[in-house]
Amino acid sequence: MNSCSKEIIEQAEGWLSSCQNQWVQDLESLIRIPSISQPVNRGSKYPFGRECARVLEEALAIAGRMGFQTQCHEYYCGTAFLPGKDPACKYLGIFVHLDVVPPGEGWTYPPFGAEREGDLIVGRGSRDNKGAAVAALYAVKFLVESQIFLNHGVRFFFGCNEELGMADVEYYFKSHEPPLFSLVPDCPFPVCYGEMGVIELELRKYRASKEQRILEFNGGVACNLIPESAKAGIKVGQGQQIQEYPAGNGIEICHEEERLWITSHGRAAHSAYPEGSENGIIKLIRYLLETDFLSDEEKELLFRIEALLGGCYGEELGIACEDPATGRLTCVLTRMFMDQTEWKGTVNIRYPVTADGKEICRNLEKIFTDHGFEIAAIGDNPGYILDPFHPAIDLLTRIACEGLGLTLEAYTAKGGTYGRKIPAPAVGYGPNCPGPHPFGPGKGTGHLPDEAVSISGLKQAAGIFAEALVALDTLLYKKEEER
């Protein structure tokens with residue numbers, strides 16, 4: 001790493017400080033739009049809902065004011081392009097998403113208020129992924145203002161469906177050529193060069209018994225979020241000793257005439273990282289199984305659900321596996337709904353890149369069918385891995401470590417980003433830094449309550465982005481000349 005690179009990082013941070021009011025306002029304007037992606041509706045003008053369309057319009061307006069050539073792609077996504085010095089070169093890609101998961105419960109601050117707490121901006125999407133979008137945009141703007149022009153053009157991709165299937169990026173690449181190389185700023189520094197595969201499973205079971213005590217059961221807000229809480233409405237019969245099952249230890253009970261409302265509270269987490277979490281759905285199921293509130297049919301149903309999905313690593317289903325490159329499979333029940341006619345559940349699985357996703361799906365279909373469940377939907381989103389010896393990985397890792405003043409190593413991840421959908425080399429690259437969660441465990445990071453991003457951290461990340469683009473442009477241009 002030469003001194004020039006460190007100089008670019010420091011200059012970029014200083015420039016970001018000089019225009020901090022503007023870029024912070026831009027970020028706040030994005031956070032205040034509740035852009036929760038909806039299931040794709042290909043017949044609608046707004047395929048992921050009006051709020052995702054609104055946030056896309058705002059992002060493109062910000063990029064347009066900064067001098068980028070912007071385009072809205074039928075509201076599936078948007079792009080912002082800055083030409084390079086050499087029109088013969090393919091472009092570099094920067095892929096960010098503007099959609100967010102639902103806020104869920106447990107917030108101290110308004111989820112879409114974009115409120116300030118010292119150096120932090122709090123709000124859903126601040127960290128995942130709107131802060132990254134703004135930091136990367138202003139990093140490129142800094143290069144332009146500093147008259148540091150790249151040989152390659154740079155094209156931003158603003159997605160609206162990353163959290164709910166990535167139909168946006170699939171739509172885009174049906175009619176557009178891929179970048180030469182892409183950065184996906186949606187993970188911690190330094191460099192993520194591979195991701196696990198993702199399987200999502202929708203289960204259903206109809207309820208035939210007339211002796212029903214569970215009137216409703218709700219838990220979970222997103223397919224990739226371990227729920228903090230769950231709630232059940234129970235019909236209480238005569239002679240049942242309610243006082244034998246006290247509240248406490250994360251269980252609340254409210255008695256309304258002949259109905260009990262029982263609420264569980266655990267610890268939320270991203271479904272790819274269950275360590276330290278406590279699934280509110282599983283907690284409530286286990287509580288109910290210890291009572292005499294349930295009918296025999298309900299006991300059998302909840303017993304099977306707990307037996308098959310009570311863990312986090314797939315042992316109960318016979319799909320447990322791991323590899324040295326991407327780690328251990330995770331398997332989590334993330335959503336559950338139950339009324340007097342049916343039960344529905346969502347299962348989120350992350351599997352090693354060397355495992356066969358199709359075989360896992362076949363095994364899942366068999367075991368759940370054998371236990372009386374209907375497979376309503378099943379989807380396999382394979383992972384990817386880039387050659388860890390690709391020269392860009394070492395280069396980008398050294399730049400990130402220099403900018404952060406830390407010694408870190410490139411890694412693979414359990415989470416899913418656009419990196420897996422880009423049909424060309426791509427790596428995850430910041431903007432998050434190692435360190436404790438804002439507001440303590442279980443809060444402050446992406447998908448959790450009180451999600452927050454550090455203003456100083458975004459300035460630091462923008463400096464790293466700026467230097468990374470310069471170095472990556474030089475590396476790839478030399479390789480093109482050699483060919």
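This passage walks through the overall build of the chain, then its cysteines, and then one helix with one of its residues.

The model is a predicted one. Its chain has 483 residues, and a compact globule with that many would have a radius of gyration near 23 Å; the chain comes in at 24 Å, which agrees. Laid along its principal axes, the C-alpha trace spans about 80 × 45 × 45 Å. As for secondary structure, the chain contains 10 helices and 26 strands. There is plenty of long-range contact too: take the contacts between residues at least 6 apart in sequence, and 77% of them join residues at least 24 apart.

Of the 483 residues, 56% count as buried. The accessible surface adds up to about 19700 Å², with 49% of that belonging to carbon and sulfur atoms. On the charge side, the chain carries 45 positive and 66 negative side chains, and the centres of these two sets sit 3 Å apart.

Next come the cysteines. A disulfide is a covalent bond between the sulfur atoms of two cysteines. Here the count of disulfides is zero. Cys187 makes a handy example: the closest cysteine sulfur belongs to Cys192, but at 5.2 Å from the sulfur of Cys187 that is too far for a bond, since a pair has to be within 2.5 Å to count as a disulfide. Cys187 is also buried, with a relative accessible area of 7%. Cys89 counts as buried as well, at 15% relative accessibility, because the cut-off for buried is under 20%.

Now for helix H6, which covers residues 280–289. Eight of its 10 residues are buried, so H6 is largely enclosed by the rest of the structure. The buried ones are Gly280, Ile281, Ile282, Lys283, Leu284, Ile285, Tyr287 and Leu288. What do the buried residues of H6 pack against? Their partners are helix H7 (296–309) along with five strands that come from several stretches of the chain: S11 (214–219), S13 (229–235), S14 (251–256), S15 (259–265) and S19 (330–338).

Arg286 also lies in H6. Is Arg286 buried, partly exposed or exposed? With a relative accessible area of 38%, Arg286 is partly exposed, because that value falls between the 20% and 50% cut-offs. Setting aside neighbours within four places in sequence, Arg286 is in contact with Glu306 and Gly310. Lys231 is 55 residues from Arg286 in sequence, and their C-alpha atoms are 13 Å apart in space.

Note on methods. Residues numbered from 1 in each chain as written. Predicted model: local features only at pLDDT ≥ 70, side-chain atom pairs only at ≥ 80, totals over all residues. Heavy atoms only, no water. Buried < 20%, exposed > 50% of the residue type's maximum accessible area, 1.4 Å probe, protein only. Helix = DSSP H or I, 4+ residues; strand = E, 2+ residues; numbered from the N terminus. Rg over C-alpha atoms; globule rule 2.2 N^0.38 Å. Contact = heavy atoms within 4.5 Å. Areas by Shrake-Rupley, 256 points an atom, 1.4 Å probe, with all protein chains shown as cover. Lys, Arg positive; Asp, Glu negative; His and termini not counted. Charge placed at Lys NZ, Arg CZ, Asp CG, Glu CD.
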